[in-house]
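Biologist: Hey, could you pull up the model? I'd like to go through it with you.

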Amino acid sequence: MSGNAGSRLVDRRSFVKGSAAGLAAAAAWASYLRETSAIAAQASGEVRLTGQTASPEEEELLRQVLDTFAEQFPDITVNYEPVPSDYLIKLQTDIAAGNAADVFYVGNEWAQDFMSRGVLLAIDDYMEADGVTADQFYENLINAYTWEGQTYGLPKDWSPLGMVYDPAVLESAGVSGPPTTWEELRTAAEAIVESTGQPALALEAAFDRFILFLYQAGGNVTNEDVTEVTLGDDATREALDMYYGLYADGLSATSADVGGQWPGDAFAQGLVPIVFEGNWMFPFLNTNAPDKEYGIAELPAGPAGKGTPAFTNSYSIFYQSQNPDAAWTLVNYLTGAEGMLTWTSLGLAMPARPGIADQWLEIFPEREPYLASGEYATAVQYGPGGQQFAEDANSVLQLLYAGEIDTTEAQTRLVEAAENALDLG
Amino acid sequence: MVALPGRRRSRDPLAAEDAVAGWLFILPAVAIVGTFILWPILQVFWLSFHEWSVITPERPWVGLDNYRDLFNDADFQLALRNTIWFALGVVPTQTVLGLILAVLANQKIRGRSFFRTAFYFPSISSSVVISIIFLWLYAQRGLINFVLQKMGFPTPQPPWLSNPRGVVEMALNAVGIESVSVWLAGPSVALLSIMMMNIWTTMGTMMVVFLAGLQDIPGDVYEAASIDGASRRQQFFDITVPMLRPVIFFVLTLGFIGTFQVFDQIFVMTSGGPAKSTITLGYLIYQQGFGNFAMGYAAAIAVVLFAIIMSIFLIQRRILGRAD
Amino acid sequence: MASVDQRAVAAPVIAEAERDFAQVRPVGSQDRADVFLRLLAYVVLVLVALIMFVPFAYAVATSFKTRPEALQISFETMLWPRNPTLEAYRIAWDANVGRWFLNSVVVALVWIVGRIVSCSMAGYAFARMRFPGRDLVFLLVVSTMMVPGIVTIIPKFILLQDLKLLNTYGALTVPFLADGFAIFLMKQFFESFPNEIEEAARVDGANRFQIFSQIVVPNAIPAITALTIFTFQSSWNAFLEPLIFISGNRSDLFTLPVGLANFKGAYYTDQPTLMAMSVITTVPIAIFFIVFQRYFIESSTSSAVKG
């Protein structure tokens with residue numbers, strides 16, 4: 001993301017990606033009453049749906065999905081009100097105004113903040129009644145939406161970070177193929193810088209990008225039970241050295257440094273030949289650089305092996321929804337096999353149900369490396385207080401990149417930020 | 001009104017009419033202003049003594065807790081620093097530049113009203129529009145860097161709005177002085193970029209105001225002084241400046257009040273970043289109130305901001321006095 | 001500072017003295033300084049005018065470029081594109097900029113009518129009438145000019161929420177129907193208004209309201225025009241309150257600045273369209289300004305000079 005991503009409460013890309021259009025609930029503008037028909041759903045009434053869309057195409061596809069929903073459930077009228085930007089703040093303001101939609105996206109990074117505040121409706125009973133079980137979804141994804149034993153949302157799609165590269169540039173720099181380890185990454189980057197005079201990689205000064213190195217070094221923000229901050233360990237040190245080393249040696253740069261608005265933009269403009277981004281990048285590429293050739297590979301492995309962050313959004317129900325039954329029907333449809341497959345076919349993100357992964361792969365065979373990383377991808381969550389931590393951590397990394405502090409100081413500050421912001425134990 | 005003898009009694013019904021009519025006349029305006037400005041001012045104070053997280057229904061009284069947290073909060077201190085840097089950098093600069101331009105424009109030159117119009121123009125356009133345009137100008141491959149590079153100057157790395165380094169600190173580092181206190185690090189390059197944009201926007205209004213003030217000074221005063229042998233410089237400092245005192249007061253007051261509440265530009269251009277170096281008090285209120293749902297806390301920040309602005313106003317009044 | 005009358009009287013005396021002195025005044029350094037200063041003035045003023053002008057011109061030029069062309073800066077295409085296109089304006093239109101424009105217009109009209117009615121009545125009352133509490137109320141009202149919007153935004157939000165006005169045109173208009181500065185402006189004007197006609201009408205038995213509506217208002221056109229212009233400017237450019245009081249998903253209620261900021265949040269790579277929206281937002285106020293610049297400039301400077 002561009003330089004000002006650091007203080008956004010949520011990376012807007014977290015929404016676009018993976019979860020694709022999400023709740024396209026816009027459809028159903030058929031706001032006249034129909035007679036109750038003998039369809040499975042007994043729920044009826046009006047449901048308001050909101051979410052963040054990144055493009056008119058996304059919105060359009062969502063509305064199509066909602067049209068299909070309307071055909072199957074004519075008693076339910078869905079009002080879709082997409083939010084083009086600053087989704088999280090707008091959502092929170094709406095909640096504050098008592099005006100939140102019935103169904104909305106919840107990003108994995110801030111899901112725990114919402115769940116711990118009791119703003120979401122627990123859906124376990126609904127799931128049981130309709131035969132939806134947790135194992136129908138990728139474990140790490142659905143776990144992101146469970147809190148104290150209850151489920152508060154169903155993941156609608158997901159995307160990890162993968163390596164997207166320009167094969168032509170790599171070839172002319174003498175790099176034989178996409179790098180598979182940290183060492184190979186550095187070597188390849190050096191060759192590219194030598195050959196093109198430009199940085200090889202666009203990498204932002206943001207914690208949700210640094211975290212990929214952290215995972216690959218075997219570290220994480222906290223331990224499993226979220227009782228202790230582990231950012232002071234050697235794994236974090238290694239990750240910081242690698243992450244900052246790339247930048248200090250001119251091998252990587254932020255998108256703002258090279259003149260792009262975000263790494264995907266920098267790649268599309270041909271400013272850098274390698275980026276670490278998710279599925280959300282490709283619709284953007286198609287619109288902005290339709291003729292550009294690209295290759296996809298898994299991220300290079302670190303000293304502790306492969307690792308990548310997973311970003312997802314759920315459809316969740318507002319705890320004060322006036323019409324939870326109808327809201328659940330919508331959520332169930334959109335996260336069911338049929339609904340999910342339809343809108344992940346836009347290619348913004350991958351299905352959260354392993355069961356339809358193969359069908360999706362038939363549409364996008366070149367994205368196989370993304371799917372493959374599902375085995376080891378970690379859903380990014382920091383625990384309650386995570387938003388605050390992410391903001392502070394972003395600041396630390398920005399100061400590091402600007403040369404204001406060194407990696408030792410950065411590590412100390414990251415630990416401080418985590419201890420101050422997170423709700424431990 | 002002249003008091004005519006014998007008329008006194010018949011004026012009473014008119015006065016009585018006024019007593020009622022007066023209130024009727026002011027009622028609509030006062031109702032709006034009272035409800036939507038005066039009442040909220042009182043409310044801000046009241047809110048600041050509560051914990052008001054909009055999601056939960058409880059709103060406990062917490063007394064001075066919010067204020068106590070405030071003064072211990074690193075982010076608040078940061079916002080305070082940034083805002084002070086902003087005001088101290090922008091206000092004197094735009095005032096001095098405005099005055100210089102006004103003096104120049106006051107010479108016997110042609111096209112004075114064209115210049116007046118041209119300079120005043122930026123300040124009438126929306127702050128959002130200007131922010132969007134400058135966001136584009138300040139990009140790494142934007143117009144400003146393009147021109148600087150063509151002229152052979154270096155451009156900041158990271159580029160302007162992404163650069164969190166303090167300018168004073170960088171200058172000190174350049175001459176070998178290390179590690180200064182945060183209070184002396186100066187505004188970040190990013191904040192400086194926004195400051196320069198602000199000066200660009202309002203310099204023209206300052207010029208126009210000063211020009212009007214200058215034109216009110218009769219030319220013969222200068223004539224007399226120059227005959228007495230006073231140099232231009234003496235004339236400027238001994239005649240122009242003192243006669244412009246009320247105008248200077250007005251310009252400075254407006255300037256400080258404006259810079260202390262800066263919000264729009266931060267919101268559109270940087271969202272408080274990079275590394276929180278462009279968070280101002282105004283933006284912090286927004287962040288805390290609508291980002292963190294901590295409305296009581298945000299209200300406390302608002303009260304502090306209000307207190308600072310009032311103090312500036314009163315201090316300036318004391319020092320510079322009123323006109324005539 | 002000498003008042004107008006005194007200067008008028010003194011003028012012929014001074015003129016004669018000047019003529020006398022013209023023969024005696026030493027030529028030399030003072031004149032050279034004059035010429036130098038004038039030259040400097042021209043150079044500096046032109047330079048600064050250019051600096052004021054270029055960002056806007058560049059924005060306009062960008063709005064007619066395609067995205068790739070916009071990203072390639074060169075001297076040749078700085079002020080006008082090689083192949084001008086209206087693509088950016090089309091995208092802006094699709095993004096609902098027409099609706100935002102309409103909203104801005106409607107909201108501005110309501111502000112203007114509301115303020116003209118409420119603030120001229122109030123200004124007149126404060127200027128002319130005596131009623132209990134007048135001075136205190138005026139002080140309170142005028143002191144609100146000192147309070148920045150950001151300080152009261154939270155209680156205003158809560159208040160509008162309680163009044164169920166959030167996400168309605170009401171939130172964009174009702175709190176702004178009167179304003180401290182407008183009242184101050186009108187009071188100033190009415191105070192400088194000669195009293196005799198009103199006095200005569202009073203003697204004839206007219207009540208306050210008749211005097212106000214039939215005599216005072218028709219003669220207050222300059223002040224009302226100034227008020228209209230200021231209010232239009234404030235309304236058109238208003239950002240903080242419309243941003244907070246309207247949800248992000250209510251694109252139909254956005255005014256131009258809010259729509260622009262939202263669009264930038266989502267499509268921040270599309271420079272031409274952002275510039276096109278900026279142009280659309282600025283053109284109306286620019287036209288207003290150029291036509292009525294006298295009012296803009298004189299009103300603001302007079303309040304400065306009178307303190």
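Biologist: Which residues make the nonpolar surface patch of about 470 Å²?

Modeller: Ile84(B), Leu88(B), Val182(B), Trp183(B) and Leu184(B) make that patch. Patch residues have over 30% relative accessible area and no salt bridge, with nonpolar side chains (Val, Leu, Ile, Met, Phe, Trp, Tyr) joined within 5 Å and like charges within 9 Å. A salt bridge is a side-chain nitrogen of Lys or Arg within 4 Å of a carboxyl oxygen of Asp or Glu. Areas come from the Shrake-Rupley method with a 1.4 Å probe, and for residues only the protein chains shown count as cover.

Biologist: Where does Leu88(B) lie?

Modeller: Leu88(B) is in helix α3 (residues 74-105) of chain B. Helices (H or I, at least four residues) and strands (E, at least two) are DSSP runs, numbered from the N terminus.

Biologist: Any ground rules for reading this?

Modeller: This is a predicted model, where local features need pLDDT of at least 70 and side-chain atom pairs count only at pLDDT 80 or more, while totals for chains, interfaces and linings use all residues. Residues are numbered from 1 along each chain as its sequence is written, chains are lettered from A and ligands numbered from 1 in the order in which they are written, and side-chain values use heavy atoms, leaving out hydrogens and water.

Biologist: OK, new topic. How many aromatic pairs are there over all chains?

Modeller: The count is 71 over all chains. Rings of Phe, Tyr and Trp (its six-membered ring) pair if their centres lie within 6.5 Å; planes under 30 degrees apart are stacked, over 60 edge-to-face, and the rest tilted.

Biologist: Why is the pair of Phe69(A) and Tyr333(A) tilted?

Modeller: Their planes are at 50 degrees, so the pair counts as tilted, and the ring centres are 5.3 Å apart. Phe69(A) is in helix α2 (residues 56-72) of chain A and Tyr333(A) in helix α14 (residues 324-335) of chain A, 264 residues apart.

Biologist: Are Phe69(A) and Tyr333(A) buried or exposed?

Modeller: Both Phe69(A) and Tyr333(A) are buried. Buried means under 20% relative accessible area, exposed over 50%, and partly exposed in between (1.4 Å probe, protein chains only).

Biologist: What sits over the ring of Tyr105(A)?

Modeller: The charged end of Lys156(A), 4.3 Å from the ring centre. That needs NZ of Lys or CZ of Arg within 6 Å of the ring centre and within 35 degrees of the ring normal. Lys292(A) also lies over a ring face, that of Phe267(A), at 5.0 Å from the centre.

Biologist: What's the average pLDDT of chain C?

Modeller: Chain C averages 84, on the predictor's 0 to 100 confidence scale for each residue.
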